[in-house]
Amino acid sequence: MTRTRVLIAVAVATLVVIAAAALVPVARAADPIKLGFGMALTGGLSANGKPALLAVEIWKDDVNKKGGLLGRPVQLVYYDDQTNPSTVPGIYTKLLDVDKVDLIISGYGTNLIAPLMPIAMERKLTLMGMFGLANNEKYQYPNYFQIQPAGPDPQTSTAIGFFELAAKQNPKPQTVAIVGADAEYPQNALVGARELIKRYGFKTVYDKTYPPSTVDYTPIVRAIKATNPDIVFVASYPPDSVGMLRAAHEVGLQPKIFGGGMVGLMFTTVMTSMGSLLNGVVNYDFWAPEPPFLAIAGVKDFLKEYQARAEKAGVDPLGYYLPPYSYALVQVLGQAVEATKGLDQQKIADYIRANEFNTIVGKVKFGKNGEWAKGRTLMVQYQKISGNSIDQFRGPGKKVVLYPDEFKSGNIIYPYAAALK
Amino acid sequence: MFSWDLLANAVVAGVLLGGFYAAVSLGIGLIFGLLDIANIAQPAFLILGAYAAYVMNSAYGLDPILAGIAFTPVFYLLGAVVYRVYYGSFERRGQESLRGLVFFFGILFIIEVSLSRKFGVDYRLVQAGYIGKSIDLGGIGISFRYLVPCLVGVAMTLALYLFLARTFYGRAIMAVSQDQAALRLMGADPIRIKTIAFGIGIAAASLAGALLIMIAPVIPSTDRDYIGRMFAITVLGGMGSIGGTLVAAVILGVVESIMATFFGPSWSLAVSFGILLAALAVRPSGLFGR
C-alpha cells in the first residue's frame, strides 16, 4: 500500500466514524436540553412578551446553576413572533425540525397560542401555555397546560370576583354599565360579565364596545355617566385602560364600583404615571406585593433578580404581573422532566396532569382543559396612592387584595367616591 | 338617551379631537398632499416626536409642548436628510412610486425597532400640570388634555397656512407642487424647495408627537393606529389644502365623538371612513382640493 492510499483509507475511516456518530442520537451529559418558543418581543403584546422572556431566562440560569435538568444544561432557543399569529407555525416548525428542541412552551397571549395548538396536537407534544384564555375549550387536548390562574371557567374568571364583591356590598348596587374594546380578550370578558350580571340579578343600563384605536374616551364615559350606573365594568387593553380612567376623572364618573378587567393598570409605568387617579379602582390582577404572596418560597429571590435585570432588558421594572407566572410555567415543566427522568412528551404530560407543583406563585394543580383546577384571578383595589413615586408600589398596602378570601389582604373602600378622598 | 347637554358635549369633544387630528395630519398634508410623496413613515416620526417629549419630560421635567418645539430643528434636519436620500435613490431615477414606498416602509420599521431597542416596550406617558384637569363651562366639560393639543393644532395649521401663503419659500413650495419645471425657470431649485418642505413636514411631527403622548400612552408600535387617520384626513380635506386638513380633521373628530356618545363607539371609525368614501364619491379631489 502506498503512502497515499494509507492516507485515503484513514481519511475515509475517520469520515465513516464521524458520520456514524452523527446518526446515533445519543444524548451526552454535556448536551443541552433545548427549550424552544416564539415570543412577542416586538409588536402590540411585547410589553408582556419581553418580561416573560426575562423570567424564563432567569429560570434557565437558576436551573443551570444547580446543575441543569437531568444533569444537562438548559438552553433556550427562541424567536420573535412579532405579536403576529401567522408567524407561529413557521417558528415552531423550525424549532422542532431544524433546531431540534426537546421541549416547547407557547409565546405570550391567547392569539399566539391558538395557531400553536394544532402543531402540538399533531406531534403529540406537551404544550405549556402562557396566559391564554380558553385556548383549549374546543380542542380539549389533554397535553396542554396553561399557567394563567383563570380556572375551569375562563370566560367568567376575569369578572367573577368583581361582581361577587359588588353583590356583597350594602346597600347592594343595582345597575351596571359594561364597556370594552372590540378585541378577543375584552369580548370574552364581556361575555362572562353578562352571564354574571344575570347570575347576581343586576340590571344592565349600558352595554357597548369600541374600536381599540379609539383616541378620545370622554364621549364614551359621558354616555355611560348619562345612564347613572351603580357599577361600571370595563374590559380594556392598556391604552384604553388609561384613556377610560383619565376620562372618568375628567368627566366626573363616580359609580359605586369602577374597574373590573382593565389590562395595563398593573404595569409599573402606568401605575406611576396614573398615581392617585388609580385610587378606588377595583380591578383584576394575578399578583400583588401583599403578605400572602410574598410569603411563598422563592418569589422574593426571583423578584430581586428580575428587578436587577429589568432596566437593561427594557422591561417593566417591578414585574408584578406576568413574570412570576412565566417563571412558574417553566418551573412546572422542569419539575415534570426531573420527576419522569426523561424527555418523553407523554410521560411529562401525564405527570403534569396528575400532580400538584410547588412554584413561586404557590401550589399549582391543573384540571379540566389544562386550566388551573381552581381559579385564582384576584380582585384588588388601589388604595391611598399619592404622587408618582415607584417605591410606594413595591410593598403592601397600595394594591389591596379583596378576592379570593384565602389571599385577602384588606377591605374594600366602598363606594368608589370614598376612596378618592 | 338623547339630551342636548350630551350633544353639546359630544360636539365640543369632537372639535377638540379634530384640532389634535389636524396637528397629527399636517405633516402628511404637506408631504403627501403637496409634494405627492407617499411618506408612510410619517406616523413613525410622530412616535419619535412622542418619545423625544417623553425623554425631556421624564429626565428634565420639561413641558411636553416645549420639548416638542425644542426638537423641531432636529426633526427638520432629519427630514431634510431623509428626503435627500429618497431623492438621490429613487425620485431622481423615476422610481419613486413603488420603490419609494418600500423605502418609507423601511424607515417606519427602522424607527419602530430602534425605539423598541432603546426604550423597551413599556407604555410611556408624560406629566404636566394641566394633564388630567378639566373645566366645566355651563355643563360642557373641557379636558385640558384635549384643549391644549387642539389649540396647538389650530396654531400649527394657521402658521403653516400663513407660511405657505405669505413667504417666498412657502409660495415656492406651492409652486413646486404644481409645476416643478416652471419653478426651475424662475430660478429656484425645486429639490431644495422640496427638501425644505419635507423637513417642515417632519418637524411638524415633533410637535404633534408631543401632543399625542399628552393624550394617550405610547409604545413604539402606536404609529400603526394613526396611518389610516392621517391619510384619510389629508385626502378628505383635499390634497394640498392646509385649511382643508383642519376642516376634515374636525369633521372626523365630531363624527367619531357623536357616534361614540349616541350610537355605540364601535361604529365611530366605520362611519368616519364611510363619510370619507361618500365625500370622495361626490368630490374626488376632496373637500377643498384643487
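## A tour of chains A and B

Start in chain B with the pair α6(B) and α7(B): Phe163(B), Leu164(B), Ala165(B) and Arg166(B) in α6(B) meet Gly170(B), Ile173(B) and Met174(B) in α7(B). Sorted by class, this contact has 5 nonpolar, 1 polar and 1 charged residues. Keep in mind that the model is predicted.

Now show both helices whole. Select residues 144–166 of chain B for α6 and residues 168–178 for α7. Their axes come within 5 Å and cross at roughly 85°. An angle of 65 to 115 degrees counts as roughly perpendicular, so α6(B) and α7(B) are roughly perpendicular to each other.

**Next stop: α1(B)**

Select residues 4–34 of chain B, which form helix α1. Where is the kink in this helix centred? Go to Ser25(B): the kink there is about 45°. Then colour α1(B) by burial. Of its 31 residues, 24 are buried, so the helix is largely enclosed by the rest of the structure. Step just past the end of α1(B) to Asp36(B), which takes a positive phi of about 65°.

**Across to chain A**

Stay on α1(B) and add α8(A), residues 218–226 of chain A. How do the two helices run, roughly parallel or roughly antiparallel? Their axes come within 10 Å and cross at roughly 170°. Angles over 145 degrees count as roughly antiparallel, and α8(A) is therefore roughly antiparallel to α1(B).

Show the side chains. From α8(A), pick Thr218(A), Pro219(A), Arg222(A) and Ala226(A). From α1(B), pick Leu6(B), Asn9(B), Ala10(B) and Ala13(B). Together they make the contact between these helices. Its classes are 5 nonpolar, 2 polar and 1 charged residues.

**The whole interface**

Widen the selection to everything that touches between the chains. Here 37 residues of chain B are in contact with 40 residues of chain A. On the chain B side, six elements each supply at least two residues:

- α1 and α6 of chain B, both already visited
- α5 (98–119) of chain B
- the strand β2 (140–143) of chain B
- α11 (242–263) and α12 (268–282) of chain B

Which element gives the most to this side of chain B? That is α1(B), with 5 residues. By class, the side of chain B that touches chain A has 18 nonpolar, 15 polar and 4 charged residues.

**Zoom out: chain A**

Hide chain B and view chain A alone. Its secondary structure comes to 15 helices and 14 strands. The radius of gyration is 24 Å, close to the 22 Å that the globule rule gives for 421 residues, so chain A is as compact as a globular protein of that length. Turn the chain to its principal axes: the C-alpha atoms fill a box of roughly 100 × 40 × 40 Å.

Colour by burial again. Buried residues make up 54% of the 421 residues in chain A. Contacts are worth drawing too. Among those between residues at least 6 apart in sequence, 72% join residues at least 24 apart.

**Last stop: Pro186(A)**

Select helix α7 of chain A, residues 184–200, and find Pro186(A) in it. Is this proline buried or exposed? With 26 other C-beta atoms within 10 Å, Pro186(A) is buried; the cut-off for buried is 20 or more.

Now show what surrounds Pro186(A). Beyond its neighbours within four places in sequence, Pro186(A) is in contact with Gly180(A), Ala181(A), Ala235(A) and Ser236(A). Finish by adding Met262(A). Pro186(A) and Met262(A) are 76 residues apart in sequence. From C-alpha to C-alpha, Pro186(A) and Met262(A) are 8.9 Å apart in space.

Methods. Residues numbered from 1 in each chain as written. Chains lettered and ligands numbered in written order. Predicted model: local features only at pLDDT ≥ 70, side-chain atom pairs only at ≥ 80, totals over all residues. Bend = angle between axes of the 7 residues up to and from the residue. Helix = DSSP H or I, 4+ residues; strand = E, 2+ residues; numbered from the N terminus. Buried ≥ 20, exposed ≤ 12 C-beta atoms within 10 Å, placed from the backbone. Axes fitted to C-alpha atoms, helices over the stretch in contact; angles between N-to-C directions. Parallel < 35°, antiparallel > 145°, perpendicular 65-115°, else oblique. Contact = placed C-beta atoms within 7 Å. Nonpolar A, V, L, I, M, F, W, Y, C, P; charged D, E, K, R; others polar. Rg over C-alpha atoms; globule rule 2.2 N^0.38 Å.
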